[in-house]
Amino acid sequence: MSDLMSKPITIWLTGATSGIGYALAEGLLKRGHHLIATGRREQPLQELSKLAPGRCTAAIGDTTVNEDLATIRTVLEQHQPVQMAILNAGTCEYLDVANYSSEVIEKNIVTNVIGTSKSVEAVLPSLRAARNKGLPARLVIVSSSAWWFPFGRAEGYGASKAALTYFAHSLRADLAAEGIEVTVVSPGFVKTPLTDQNDFDMPFLITADDATNRILKGLEKGQHEIHFPKRFTWTLKMLGALPQGLIDRMAAAMTRKNSEKQEDSK
Ligand SMILES: NC(=O)c1ccc[n+]([C@@H]2O[C@H](COP(=O)([O-])OP(=O)(O)OC[C@H]3O[C@@H](n4cnc5c(N)ncnc54)[C@H](OP(=O)(O)O)[C@@H]3O)[C@@H](O)[C@H]2O)c1
């Protein structure tokens, strides 16, 4: 186990009200950590607080709104040392190319890239304060493996997660000198309210509890890249190594097949 998680620490988790974030919150609280849990909905945050009285603080807010983040930043500063931030809040909006709308692209980018970058701004002073006390500190960014292959309708989501991963890797280079580590989490399909909207086959779909176990195992080992399930992510990596022309033909065929399936099911 890495030094950082060998004993209870204080962690800021965004997107804690649902899906992977809620399961992660439960897992972290079970392991004795202190949580500052963020989301826009109050009710699930209250439920989490009841699971571990005194160890879970609700910090309600929208991670795309500066005023909300200013309030959350104050909460973070009141709970120092904060040694880890798991920036997991995200959305997935699909494009219907027949009714092309740049709003779909914008929504994905605003929540997944801008919201996460604003969250970094809110938590960086706290992580730096921890480092100044000689404590280890880690920033964890929940991206996705979806952008490793050009899936149809995922223009906005894939672009946002590609940008987010680059953002995280670049930040890793810049923060290395300060000893703040950066981990990127790239899940495959996980059953959550976000993927419950999907009307296509999701290969190797796993539960949010399974995703939580894999993320926590990786974080406890101090890994910088966590991706799962491996059967899915290694397949995507291998497909990504093919010539672009071949990738394009496979992507178009897959998209056509999914559209036909949807038409048939109408
Ligand atoms: N499920 C998958 O298959 C999968 C695969 C790869 C990556 N991911 C990534 O994993 C993360 C969690 O996804 P999930 O599947 O667990 O989705 P989910 O169940 O829909 O949860 C999304 C979370 O993000 C929060 N959120 C969204 N917009 C927000 C905003 N503007 N401000 C604050 N919080 C916001 C939501 O909270 P409120 O609604 O309460 O604000 C909710 O807690 C996302 O970043 C997603 O892209 C998921």
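# Reading the ligand site and the sheet

Author: Let's start at the ligand. In this predicted model, 30 residues surround the ligand, and the closest are T17, S18, R40, V190 and T192.

Reader: How do those surrounding residues divide into nonpolar, polar and charged?

Author: The shell around the ligand has 16 polar residues, along with 10 nonpolar and 4 charged ones.

Reader: And how do I read a polar contact here?

Author: Look for a pair of N or O atoms within 3.5 Å. Take Y157: one of its polar side-chain atoms sits 2.7 Å from an oxygen atom of the ligand. With N88 it's a backbone N or O atom, 2.9 Å from an oxygen atom of the ligand. T63 also uses a polar backbone atom, this time 2.9 Å from a nitrogen atom of the ligand.

Reader: How much of the ligand does the protein bury?

Author: The protein buries 94% of the 890 Å² that the ligand exposes when taken alone.

Reader: Which elements give two or more residues to the shell?

Author: Those are helix 1 (19-30) and helix 5 (155-175).

Reader: Okay, on to the sheet. What holds strands together in general?

Author: Strands of a sheet pair through backbone hydrogen bonds, and they can do so parallel or antiparallel. In this model, 7 strands form an open sheet with parallel pairing, in the order 3-2-1-4-5-6-9. Strand 3 (56-58) and strand 9 (225-228) are the edges, each pairing on one side only. From one strand to the next, the twist averages 15°.

Reader: Can you show me one pair up close?

Author: Try strand 5 (residues 137-142) and strand 6 (residues 180-187), which run parallel and are joined by 6 bridges. For V142, the bridge partner in strand 6 is V185.

Reader: Which strands do helix 1 and helix 6 lie across?

Author: Helix 1 lies across strand 1 (10-14), strand 2 (34-38), strand 3 and strand 4 (82-87), and it runs at about 170° to strand 1. Helix 6 (residues 208-220) lies across strand 4, strand 5, strand 6 and strand 9, at about 155° to strand 9.

Reader: What about backbone details in the loops?

Author: Check omega for cis peptide bonds. One joins Q80 and P81, with omega about 0°, and P81 lies in the loop between helix 3 (66-78) and strand 4. Another joins F228 and P229, with omega about -15°; P229 is in the loop between strand 9 and helix 7 (230-240).

Reader: Where is R153, and what is its phi?

Author: R153 is in the loop between strand 5 and helix 5. Its phi is near 70°, a positive value in a residue other than glycine.

Notes:
Residues are numbered from 1 along each chain as its sequence is written. This is a predicted model: local features need pLDDT of at least 70, side-chain atom pairs count only at pLDDT 80 or more; totals for chains, interfaces and linings use all residues. Side-chain values use heavy atoms; hydrogens and water are left out. A residue is near a molecule or strand if one of its heavy atoms lies within 4 Å of it. A polar contact is a pair of N or O atoms within 3.5 Å; within protein, one must be able to donate a hydrogen and the other to accept it, and residues adjacent in sequence count only if both atoms are side-chain atoms. Accessible areas come from the Shrake-Rupley method with a 1.4 Å probe; for residues, only the protein chains shown count as cover. Helices (H or I, at least four residues) and strands (E, at least two) are DSSP runs, numbered from the N terminus. Ala, Val, Leu, Ile, Met, Phe, Trp, Tyr, Cys and Pro count as nonpolar, Asp, Glu, Lys and Arg as charged, and the others, Gly among them, as polar. Two strands pair if DSSP finds at least two bridges between them. Axes are lines fitted to C-alpha atoms, for helices over the stretch in contact, and angles run from 0 to 180 degrees between N-to-C directions. Contact means heavy atoms within 4.5 Å.
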